[in-house]
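Q: Please take a close look at the strands in this model and how they pair. I would also like to see one strand residue in its surroundings, and the ring contacts.

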Amino acid sequence: MKKFLITYLLFHIISTISAQTITISGTVSDAETGEAVAGAVIRSENKQYGTASNSYGFYSVNIPAGIKKLYCNSIGYKEFVFEINGSKNQTINIELLSQDKELEEVTVTGKSADKNIQSAETGVNTLNTKDTKLIPVIFGEQDILKTIQLLPGIKSAGEGGSGFFVRGGGADENLILLDEASVYNASHLMGFFSVFNSDAVRNVKIYKGTAPAQYGGRLSSVLDIQTKEGNNKKFSISGGIGLISSRLTTEIPVVKNKSSLIISGRRTYADIFSALLPKDNKHDVELYFYDLNVKTNLKINNKNRIFLSGYTGRDVFGFDNLMSMNWGNITGTARWNKLFGNKLFLNTSLIYSKYDYMFGVGFFTDEGTVKLNSSVKDFRLKEDFQYFGDNKNLLRFGISSEYHVFLPGEVDASEVEYFNDIKTENKYAFENALYVSHEYEPLNSLKIIYGCRLSGFAVSGPGTVYEFDSQGEPVDSVFYKKNEIIKTYKNLEPRISLNYRINRQNAVKATYTRNSQYIHLLSNSTSSTPADVWYPTTKLVPPGISDLFSAGYYKNFKDNMFEVSAELYYKDLKNVIDYKNGANVMVNKYLEAELVFGTGRSYGVELYAKKQYGKFTGWISYTLSKTERKFDEINNGEYFPARHDRTHDFSITAIYKPGNRWSFAATWVYYTGDAVTFPSGRYIVDGRIVMLYTERNGYRMPDYHRGDISVTYYNKKKKHGKSSWNLSVYNIYARKNAYQISFERVENSTQFQAVRLSLFSIIPSVSYSFKFN
């Protein structure tokens with residue numbers, strides 16, 4: 001039935017595609033750097049015929065014979081008008097010039113100023129990395145992850161928390177891609193900074209609704225980040241110096257107009273300052289993180305191009321011989337773009353990704369350290385096709401195959417005499433997918449994107465599979481040999497998006513999507529931490545399933561200067577994972593016996609208002625939502641609020657650019673406190689006070705709110721360079737938000753009092769940025 005459905009879908013799509021017109025195709029790039037411009041709109045004068053460039057800058061548009069001119073637009077660039085021979089197919093490569101005035105830039109953009117009206121996609125935002133640098137954040141560090149958390153439906157994990165939550169999903173339900181490679185931990189310093197160096201980033205796009213069928217493997221969202229290709233026109237060097245870190249980026253044209261290389265690095269230097277302290281007053285402290293991005297590309301000819309990119313980043317923390325931690329990501333991507341004719345585009349990718357962490361404890365100064373290690377590695381091959389039919393049809397289809405290797409945990413005690421090594425078995429799995437998607441416009445007022453993804457997950461050996469009794473005790477086991485298939489899962493994941501345009505400024509949309517997730521983050525905390533365990537679907541651990549329904553109304557006015565929207569959503573979750581009460585988590589070969597499986601639901605409304613261009617830009621977002629979980633073994637089998645359930649989440653972002661020398665930015669955020677489990681009472685047993693806990697997550701942390709501001713001054717531009725100063729203040733009114741609440745016994749009493757721990761008060765910072773070429 002599944003094969004028949006996919007075959008029928010392909011036949012129907014191809015049968016609707018017609019090639020009765022001439023085809024104009026080519027690439028769109030930045031005239032100054034040579035980098036591809038994604039999402040540029042190529043259209044006829046009457047806007048009846050048009051298309052948009054893909055993520056690699058390729059476009060293909062079909063027009064009737066006789067049209068003499070086409071127009072190319074992309075926000076932040078001057079309009080490009082080009083003449084064509086209206087009687088034959090042509091290849092025309094377009095180079096766009098940047099706007100003379102920075103005032104035309106916007107903060108959050110799409111393919112065009114009215115993309116929210118024209119596109120059938122819902123819950124999608126594209127970030128302008130230029131303006132993310134203006135938004136104030138802690139310690140003045142530019143941060144993509146903090147910026148997306150100012151959008152509706154996306155909730156932060158709070159101060160000191162890593163990750164983010166989208167429409168009620170967990171922190172592990174977000175697929176984070178860096179040049180197509182999975183990033184399993186996207187945070188530095190326990191969540192205060194992201195691993196993405198803004199100087200190396202070209203495009204950022206997040207899907208919190210129905211993601212295209214080429215994406216899969218997560219239940220809630222896709223964050224797709226593409227790094228810069230490097231300037232193939234001229235050499236340039238840029239960077240910045242801040243209070244806790246510095247960064248440097250070099251772009252080199254290896255072969256002018258054909259090949260380029262970009263190297264971008266960032267590092268903190270708290271450990272360098274500690275080394276300057278007098279020996280009598282200092283401990284042996286390590287505290288730093290670093291990032292390194294490298295990317296090169298070669299344009300072989302107009303139909304072939306190769307990209308090689310890599311990333312490595314790591315956090316290191318150590319204190320004398322007592323404790324040490326380090327964790328980090330490594331990714332590598334090799335891509336080949338191939339154009340067949342002027343309609344079929346192919347991207348072939350080979351991808352490697354690794355995440356690992358180490359936690360070490362030293363017991364004696366004259367002996368070694370006991371180390372706890374965990375890791376996950378991926379090897380992936382994927383092919384993505386795009387077929388540009390006529391202007392009313394765009395076909396996407398492809399395949400993906402991935403091999404996972406998991407090390408859930410091991411204890412390395414080889415340096416310490418009195419401890420033994422402990423290791424859980426590695427887990428191995430193959431994850432494969434086949435997808436097809438069709439973007440179709442049957443009427444001028446109606447656009448449909450429909451498709452299907454068939455995913456499969458095969459758990460393989462070598463490994464031991466245990467069976468447990470009702471008490472979680474092992475009663476039997478079976479060993480499987482290398483590459484022997486233990487269990488296979490298959491899931492059909494349909495999706496559809498509809499957009500009915502009432503007129504040029506009003507549209508209504510509706511979507512449905514099903515997603516499957518075969519990789520899980522096992523954590524006892526509300527947000528991900530470096531020591532959490534990534535664990536695959538196994539014979540006993542089923543894959544997560546989500547069904548998302550959403551609908552919305554979208555309106556633009558005053559020549560698309562203002563955009564407003566309201567979206568409703570309902571998400572149903574199956575096979576949600578949690579720990580049993582009192583679970584033994586660390587390096588446990590019987591870990592599967594400590595897990596419980598349940599259901600979840602999340603629903604809400606998201607309101608969004610944005611001013612897109614002018615001296616004053618910004619947006620307001622508000623989310624009213626409810627997120628619940630249900631397990632037979634927890635809370636008497638009743639629904640209870642998820643840890644990250646927040647009734648209200650509100651933010652304001654404002655950017656003001658009065659001219660070319662100054663810019664001002666401010667943000668204000670407010671959200672309901674997280675749901676928590678506090679003791680409801682206490683009783684005394686054998687002279688000891690024991691806390692009484694009743695319902696799960698039945699209490700709330702205090703509400704959170706904070707205001708931040710920043711000011712940027714641009715020095716006068718010189719012939720070969722420019723620079724700027726940024727002053728930002730985090731938590732401008734010194735709000736002491738609760739990070740943790742604990743209960744301490746009052747001295748000489750049986751009474752207890754709640755004690756609030758706050759991490760930060762007001763934090764000013766200053767940074768200097770420069771670019772020379």
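A: What follows goes through the strands, then one residue, then the rings.

The model is predicted. Start with the open sheet. Four strands build this sheet, in the order S3-S2-S5-S6. Their pairing is antiparallel. The edges are taken by strand S3 (50-52) and strand S6 (80-83). Each of these has a single partner strand, so one side of each is left without a neighbour in the sheet. On average, neighbouring strands of this sheet are turned by 20° against each other, direction ignored.

Now look at one pairing inside this sheet. Strand S2 covers residues 41-43, and strand S5 covers residues 69-73. Three bridges hold this antiparallel pair. Within the pair, isoleucine 42 faces cysteine 72 of S5.

Move along the chain to strand S48, residues 704-714. Strand S43 (residues 662-671) runs antiparallel to S48, and ten bridges join the two. Here tyrosine 671 stands opposite tyrosine 704 in S48. S48 also pairs with strand S49 (residues 721-730). That pairing is antiparallel too, with six bridges. Threonine 712 is set opposite asparagine 726 in S49. A hairpin of six residues leads from S48 to S49.

A general point helps when reading any of these strands. In a regular strand, side chains alternate between the two faces of the sheet.

Next, the single residue. Isoleucine 545 belongs to strand S37, residues 544-557. Its relative accessible area is 8%. Buried means under 20%, so isoleucine 545 counts as buried. Which residues does isoleucine 545 touch, not counting residues up to four places away in sequence? They are Leu219, Asn491, Arg514, Asn515, Ser516, Asp572, Leu573, Lys574 and Asn575. Take asparagine 491 from that list. Asparagine 491 and isoleucine 545 are 54 residues apart in sequence. In space, 9.1 Å separates them, C-alpha to C-alpha.

Last, the rings. A search of the whole structure gives 31 aromatic pairs. One aromatic cluster is made of Tyr56, Phe58, Phe307, Phe345 and Phe388. Rings also meet charges. Arginine 267 places its charged end over the ring of tyrosine 288, 4.2 Å from the ring centre. Arginine 601 does so with tyrosine 639: its charged end sits over the ring, 3.7 Å from the centre.

Definitions and conventions
Residues numbered from 1 in each chain as written. Predicted model: local features only at pLDDT ≥ 70, side-chain atom pairs only at ≥ 80, totals over all residues. Heavy atoms only, no water. Pairing = 2+ DSSP bridges. Axes fitted to C-alpha atoms, helices over the stretch in contact; angles between N-to-C directions. Buried < 20%, exposed > 50% of the residue type's maximum accessible area, 1.4 Å probe, protein only. Contact = heavy atoms within 4.5 Å. Phe/Tyr/Trp six-rings, centres within 6.5 Å; stacked < 30°, edge-to-face > 60°. Lys NZ or Arg CZ within 6 Å of the ring centre and 35° of its normal.
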